[in-house]
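Colleague: Could you take a close look at one part of this model for me? I would love to hear about the strands and how they pair.

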Amino acid sequence: MSLILRDIRHSFGSTIVVDGASIEVAPGEIVCLFGPSGCGKTTLLRIAAGLERLQHGAIELDGATLATPHLDTPPERRRIGFVFQDFVLFPHMTIAENVGYGRAASPAQDRRARIDAELAAVGLAEFGDRRPHQLSGGQQQRAALARAFATEPRAMLLDEPFASIDAVLRQRLRSEMRLLLKARSTPTILVTHDPDEAVELGDRVAIMSAGRIIETAAPEKLFHSPKTVEGARLFAGSQVLACEPVEAGVATAFGAIAPLDRPKDASRVVLHDGAVEAVASPSGAYRVVDCRFGGPHFVVTIAAENRPDQAIRAVCQTALPISAPVAIRIDPAKARPLA
């Protein structure tokens, strides 16, 4: 079972919202579609589900073509599960009735068995007779997932499924959802604009910008050898500096970073979290702009005396007063130069 979105293009009037996007998801694989709001992520998902008519390209599932500009398989016949951002559970139905909604045509006994199985799978076996408003946000999310699974989909699409969940609960639910999805071996595309979510959930991350997918890779590859700034910046605490090549590495407004392998035309360098260390120094060429505790270190924002318009974040072992002079060291092992 593989899901393929091939060269998808879509416009609303004269506005291009998806511009030649392609994704292939293998059986059991979770691909996180990551990008800022308005970049076309949800539109691409809706096209795959059949909720938007395909204008250009093709949608394929298990080797069969579901959609082209001249072929439009209805959503209910695509065998693709969809979990919406706000879950869309019917408030007048019980959770069991919600889960069984997509199997109304099944024999009653088979339908009941499927409902019970899906509720048990998501840990809601004792909540079937409750209404959606009687469940927590996390429980509603699992109910929506159970409803999607109840139709026995051959692929799954999830549109920012954690957007309505508070931050404290979100991380635990990510782990739960990943285990549930991997257990089904169903190809899955999950839309998010949260970089932590993309890294934690995705076997691969497809990075989308202005309607285009600009890079697709496993999180570890994005960390060690990104091709785009957007890919490198997926990881918390990363920052970008302008640079120019020098003999052993690159030069920046905050000094040289060397030794460092880099493209001949390197123009930017991404620094991962902890790449810059600051220490108090009376002769330091930089000044502290801000300092706060970030655990386990202090995080300082510093600027060069001759370039107050440029700032960089660094870690330090002790709190430093504002305007204190500091020296910095940039670890080349945590730097990723890009053209």
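Modeller: Happy to! Let me start with strand S18 (residues 286–293), which pairs with strand S19 (residues 298–304) in the antiparallel sense over seven bridges. This is a predicted model, in which local features need pLDDT of at least 70, side-chain atom pairs count only at pLDDT 80 or more, and totals for chains, interfaces and linings use all residues. Residues are numbered from 1 along each chain as its sequence is written, and side-chain values use heavy atoms, with hydrogens and water left out.

Some terms: strands (E, at least two residues) and helices (H or I, at least four) are DSSP runs numbered from the N terminus, and two strands pair if DSSP finds at least two bridges between them.

Within the S18 and S19 pair, Val 288 has Ile 302 in S19 as its bridge partner. The two strands form a hairpin with four residues between them, and Gly 295 in the turn has a positive phi of about 60°. S18 also pairs with strand S21 (residues 325–330), again in the antiparallel sense, over two bridges. There, Tyr 286 has Val 326 in S21 as its bridge partner.

For context elsewhere, five strands form an open antiparallel sheet in the order S2-S1-S4-S5-S6. Its edge strands, S2 (15–25) and S6 (71–72), each pair on one side only. Inside that sheet, S1 (residues 3–12) runs antiparallel to S4 (residues 56–61), joined by five bridges, and Leu 3 stands opposite Leu 61 in S4.
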